[in-house]
Amino acid sequence: MTAEHPDPHSDPVVHGGPVPALSIRGLAKRFGGKIAVDGISLDVPAGSFFGIVGPNGAGKTTTLSMATGLLRPDFGTAVVHGVDVWARPLEAKKLMGILPDGVRLFDRLTGEQLVTYAGLLRGMDKDVVASRVGELLSALDLYEDAGTLVVDYSAGMTKKIALASALIHAPRLLVLDEPFESVDPVSAANIRSILDRYVASGGTVIVSSHVMDLVQRMCDHVAVVAAGRLLATGTVDEVRAGATLEERFVQLVGGRNHTEGLEWLRTS
Amino acid sequence: MVAHLLRLKLTLLRNGLRRSPWQLVGLAFGGLYALGLVGIVVAALVLLRTEDPELAQTVVVLGGSAALLGWGLIPVVASAADLTLDPARFTTSAIPMRQLLTGLALGGLIGIPGLATALAALATVWTWARGPLPGVAALVGAAVGVLTCIVLSKVVTTATASLASSRRFKDVSAIAFMVPLVLMGPIVAGVGRGITASTGFLPELAATLSWTPLGAAWSLGGDVAGGRPGAAALKLVIAAATLAVLSWCWKLLLERALVNPPYAGSGSRKGGKLGLFDLLPATPAGAVTARALTYWLRDPRYSGSLVVVPLLPILLVFQGSQSGDYGVLAVAAPLAAFLLAWSISADVSYDNTAFALHVATGVRGVDDRLGRALACLAFALPVVLIFSVGQYFFTGSWSELPGQLGLSLGILFTGLGLSSVVSARYTVAVPLPGDSPFKKPPGNVGQTLVVQFAGMGVLSLLVLPEVGLLIAQLVTGNAMFGWVNLAVGLMLGLALFGAGIRLGGKWLDARGPELLAQLTVNR
């Protein structure tokens, strides 16, 4: 890691009042010689719709995996509603619903079986699981394909069934890594309204994305991450500071090529 | 362009090896095995040089025809066909068709099967190098023959591509392929007996085949050596025409395939049927059992071994009927117990990153372990009981049953306990979900070998008491040892089963994320 490694107990973002839904301090992870996440600290206020944006390879997925108990951090802590994810993992995981990016599903189950499985694994009651599975599948337009094997689903349907598996136990915090990738616009709108209602009822949603426009419209808070570091965080209006989120993002992250070469690409 | 395609294939191979030195070790083992086989074939062909020309001709033509047939048939059943140079990936590159075909055909030579066939074919040149002319004829024949092999396999894979990309076909063909593979022994024995009974018929068969597309190329050297240049010329025409027609077919099929990518859709089905999830208790362990059992039935990587198990006694009965001594059947039950119990030692590796669901939901390690072990036990226990009891209908020595049962149950329970520990800590290289069970798995071949051998070593230590008691019974003939063995096998086995589940569960609770990280590497 770098020399000025952040102290895990320092509190760069001061939030008075209620316990944040997710609070991470000095999270860091190294894969071989590559530092994927280099000391990220941030607070996600309870009841917020929080977007994490960053270019490809910025460390979004690694950070979220460490915050949700899927990947053990080299340094740092993650606390969900006051419960330390790595000290009391079973308790913390009860509070979270996770949609990881780039992992497989048990895809030889039917969609209905997969969501039921996720519910039963969490020790939920059979009848509750059954009624919630029905409602979730209808809400996500998967009712017609409930009995199809997940392996035969399209990419967007697979995303949606994974989302259903993350929602089944009514978590207080939803962590969604790239939830809208390859999802069609109609389903995306449905998912957004589900998430909006969830936030309105007091839940907290964290989504990662590199579609700035989407984050600006959907989220109330945002964090900008690049090269394993946190560049800015706050409410969307604070971060974008009058410009659009995309302009501000490009300004923060840099690396924009002012396309001067490529003259030959002009067709006329 | 052709050189580019070949270089691409070599680069892909080299980069695949670069991921881990153990990959190289794996390839080396595969290569050594193939080299051994090819060595035997080449040696035989070299020895044939001094034999009677008619015998040599028969062997070369029959062998060559069989090789050509194999290149045509194997890609259909083994969906493991090498797709590194899948033509579909070149759709957007606008490579001229002629160069694409040449490149792909020569690329087919790179790899163990291609090289093995080429080496064996070249050895036939030595067989016929009894003079300059027959040698040249054999060389031409070998070149045409090997090319025909490769083009035929390409025609078959391209023609069946849309069929083979359907998941159902892949699943079924992978399992169907298991059956002849397991029954190889009896099949070879049967064919061997058939051949020895009709040796007089083989030269005739070879002579006939040599006039067909299958054998024409391979008979050129022999015909020239036997002083039949006219026949050889005609057969060269047949062989060349075969190659030309196949290449033309391939070109047509490829042109069509490049603009009509295979469609592998399937109808949608409404829900309402939860299958095993409805039948089993709605607890975390019950859910894991239901999921694992569903996989045993639906995933060819699992169900492949389910198909093998009933074939095991068939093999042994066949062997018994050959020798008249059915004593060999005694291994069926312990062997089945071992195979089934050990099969779940790679359970988490088979899950691949889908295991993330278990980590994310925070299911307790004990529930995870118990569910998987119970799923295996659900059919392994009946199988072991049936095999144990069934053999005595052949041998009639019922006094050995208790001891036998003790050993088999001991192996089953101990093995399940040990597997539960092993799969909680170590991942092994297995075919990815959705891949054919025969596909060479990516990942750490070396660790796989170490885990497998060390695990089996530990297992044989753990069942020593049962083995000792069985030997004592066989030596002394005292039936009491058998009953003691039954008690020991059950009690010791169940104790180790419980201990394995608990220890594996503890490890899983402590190291679930690390295990997931190991799986991510193999993704």
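In the predicted model, helix α3(A) passes helix α4(A) in a right-handed crossing. The two elements, spanning residues 111-121 and residues 126-139 of chain A respectively, pack with their axes 10 Å apart and at an angle of about 135°, and α3(A) is therefore oblique to α4(A), since an angle counts as roughly antiparallel only when it is over 145 degrees. On the side of α3(A), the contact is made by A:Gly111, A:Glu112, A:Val115, A:Thr116, A:Gly119 and A:Leu120, which meet A:Val129, A:Arg132, A:Val133, A:Leu136 and A:Leu137 of α4(A). By character, the residues of this contact comprise six that are nonpolar, three that are polar and two that are charged.

The chain to which this helix pair belongs, chain A, has nine helices and 10 strands. Of its 268 residues, 51% count as buried. Where contacts in chain A join residues at least 6 apart in sequence, 68% of them are between residues at least 24 apart.

In chain B, B:Lys251 is located in helix α12, which covers residues 229-259. This lysine counts as partly exposed because 17 C-beta neighbours lie inside 10 Å, whereas 20 or more would be required for a residue to be buried. When neighbours within four places in sequence are set aside, B:Lys251 is in contact with B:Met97 and B:Leu101. A further relation across the sequence links B:Lys251 with B:Val155, for although 96 residues separate the two along the chain, their C-alpha atoms are 8.6 Å apart in space.

Key:
Residues are numbered from 1 along each chain as its sequence is written. Chains are lettered from A and ligands numbered from 1 in the order in which they are written. This is a predicted model: local features need pLDDT of at least 70, side-chain atom pairs count only at pLDDT 80 or more; totals for chains, interfaces and linings use all residues. Helices (H or I, at least four residues) and strands (E, at least two) are DSSP runs, numbered from the N terminus. A residue is buried if 20 or more other C-beta atoms lie within 10 Å of its own, exposed if 12 or fewer, and partly exposed in between; C-beta atoms are placed from the backbone. Two residues are in contact if their C-beta atoms, placed from the backbone, lie within 7 Å. Axes are lines fitted to C-alpha atoms, for helices over the stretch in contact, and angles run from 0 to 180 degrees between N-to-C directions. Angles under 35 degrees count as roughly parallel, over 145 as roughly antiparallel, 65 to 115 as roughly perpendicular and the rest as oblique. A crossing is left-handed if the near helix is turned anticlockwise from the far one by less than a right angle, and right-handed if clockwise. Ala, Val, Leu, Ile, Met, Phe, Trp, Tyr, Cys and Pro count as nonpolar, Asp, Glu, Lys and Arg as charged, and the others, Gly among them, as polar.
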